[in-house]
Amino acid sequence: MLDKVKHVILVLSGKGGVGKSTISTQLALALRESGFKVGLLDIDLCGPSVPYLLGLEQSDVYQCDEGWVPIYADENKTLAVMSIAFLLKSRNDPVIWRGPKKTMMIRQFLTDVKWDELDYLIIDTPPGTSDEHITVMECMRDVKCDGAVMVTTPQGVALDDVRKELTFCRKTGVHVLGIVENMSGFVCPHCSNCTNIFSSDGGVELAKRSGVPHLGTLPIDPRLNVLIGTTRSVLTELPESNTAQIFKSIVKQITNGDIVNAVKD
Ligand SMILES: Nc1ncnc2c1ncn2[C@@H]1O[C@H](COP(=O)(O)OP(=O)(O)OP(=O)(O)O)[C@@H](O)[C@H]1O
Ligand code: SF4
């Protein structure tokens, strides 16, 4: 049930392991810190890691007459979380459902979670352009989805996959809000200097060439990993860091509505 949800934002990546779940989670937390009521829906059947990232693995979800009730990550109920992982007996259980069951589960997840009033619902999707992906996109046609934030690393292989993903979005009619380049350079935990280990600015270039906004470039920041297993935001924990400033800027761009309108026009 998305009728009480004002904005829906998908987080996509062409490839696994590029930081999609980390960005979905920190984006949700950053939106919460900015005063919004937020939901985070993890439908990454390949690796549903949101409960792990937020330290909610032991939480149990239950079903009421109106659907699944999400887990609230805080007392004020400003962050509601639902993940496919909550339905697995153990975090190590693989999701071995075949196509139709997976598809049905995703559809149900998009329609049968009892979200309260939310300003933003962030959806962490499976990577790539698989069947599950197509299902998500199809369902999004019926939902007032603002668009997708695309996550990539700066390397060529990841960028190739993002290119495919951009084409996929165009074909399925999902607006692309912009590209976030992740793991671009390494922030030294001692002196906070950022060193470009691999190539850099690949995401920026791709955004420019594709005519899609570049939302920000995040370095590999080992301090982000300290936040794993908590519901703490980089905005409150590392307020002076470049990483926090980038998340702030992404939130600003998403919430001021310009990019939503720019891509829709
Ligand atoms: N900017 C970053 N700085 C430091 N570590 C990061 C950063 N982004 C992601 N990571 C780490 O990289 C690993 C992979 O990230 P994550 O699980 O978010 O990727 P993913 O794209 O969601 O992967 P999957 O496709 O498997 O779901 C995690 O251990 C995460 O903590
Ligand atoms: S980045 Fe700075 S603190 Fe880190 S290893 Fe290099 S000189 Fe030392």
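Leaving aside its neighbours within four places in sequence, which residues is V18 in contact with?

1. **V18 and its contacts.** This is a predicted model. In it, V18 is in contact with S13, V151, T152, T153, A158 and N182, once neighbours within four places in sequence are left aside. V18 is found in the loop between β1 and α1. Is V18 buried or exposed? A residue needs 20 or more other C-beta atoms within 10 Å to count as buried. V18 has 23 such neighbours, so V18 is buried.

2. **G17, next to V18.** G17 also has its place in a loop, the one between β1 (5-13) and α1 (20-33). Its surroundings are described by a count of 12 other C-beta atoms within 10 Å. The limit for an exposed residue is 12 or fewer, so G17 is exposed. Put the two side by side: V18 is buried, whereas G17 is exposed.

3. **What the record says here.** The UniProt entry, which is unreviewed, carries the annotation "binding site" for G14, K15, G16, G17, V18, G19, K20 and S21. Both residues of the points above are therefore in the annotated stretch, but an annotation of this kind may be inferred rather than shown by experiment.

4. **The shell around ligand 1.** Which residues come nearest to ligand 1? They are G16, G19, K20, S21 and T22, out of 20 residues around the ligand. Two elements, α1 and α7 (222-226), give two or more residues each to this shell. The largest share comes from α1, with three residues. By type, the shell holds seven nonpolar, 10 polar and three charged residues.

5. **Helix α1.** This helix has 14 residues, and 14 of the 14 are buried. Check its length too. At 1.5 Å a residue, α1 should span 20 Å, and its end C-alpha atoms are 20 Å apart, so the two values agree. Just after α1 comes G35, with a positive phi of about 100°.

6. **The shell around ligand 2.** C188, H190, C191 and N193 surround ligand 2. This shell divides into two nonpolar residues, two polar ones and no charged ones. The unreviewed UniProt entry places a "binding site" feature at C188 and C191.

7. **The two cysteines.** Where is C188 found? It is in the loop between β10 and β11. C191 is found in the loop between β10 and β11 as well. C188 has 12 C-beta neighbours inside 10 Å and counts as exposed. C191 has 6 and counts as exposed. Leaving aside neighbours within four places in sequence, C188 is in contact with N193 and T195. N193 is also one of the residues that surround ligand 2.

8. **Two positive phi angles outside glycine.** Most residues other than glycine have a negative phi. M183 has a positive phi of about 55°, although it is not a glycine. The place of M183 is in the loop between β9 (176-181) and β10 (186-187). M183 is buried, because it has 22 C-beta neighbours inside 10 Å. S192 is another case, with a positive phi near 65°. S192 lies in the loop between β10 and β11 (194-195). With 15 other C-beta atoms within 10 Å, S192 is partly exposed.

9. **Helix α9.** Helix α9 covers residues 242-255, which is 14 residues. From first C-alpha to last it reaches 20 Å, close to the 20 Å expected at 1.5 Å a residue. Its buried residues are T243, A244, I246, F247, I250, V251 and I254. Why do these lie on the same side of α9? They cover an arc of only 160° around the axis, which puts them on one side. The general rule helps: an α-helix has 3.6 residues a turn, so residues three or four places apart point the same way. Just after α9, G257 takes a positive phi of about 85°.

10. **K248, within α9.** K248 lies in helix α9. K248 is partly exposed, with 17 other C-beta atoms within 10 Å. Its contacts, leaving aside neighbours within four places in sequence, are A30 and L235. K248 and N193 are 55 residues apart in sequence and 20 Å apart in space, C-alpha to C-alpha.

Technical notes:
Residues are numbered from 1 along each chain as its sequence is written. Chains are lettered from A and ligands numbered from 1 in the order in which they are written. This is a predicted model: local features need pLDDT of at least 70, side-chain atom pairs count only at pLDDT 80 or more; totals for chains, interfaces and linings use all residues. A residue is near a molecule or strand if its C-beta atom, placed from the backbone, lies within 6 Å of it. Ala, Val, Leu, Ile, Met, Phe, Trp, Tyr, Cys and Pro count as nonpolar, Asp, Glu, Lys and Arg as charged, and the others, Gly among them, as polar. Helices (H or I, at least four residues) and strands (E, at least two) are DSSP runs, numbered from the N terminus. The expected span of a helix is 1.5 Å times one less than its number of residues. The arc is that of the directions from the helix axis to the C-beta atoms. Two residues are in contact if their C-beta atoms, placed from the backbone, lie within 7 Å.
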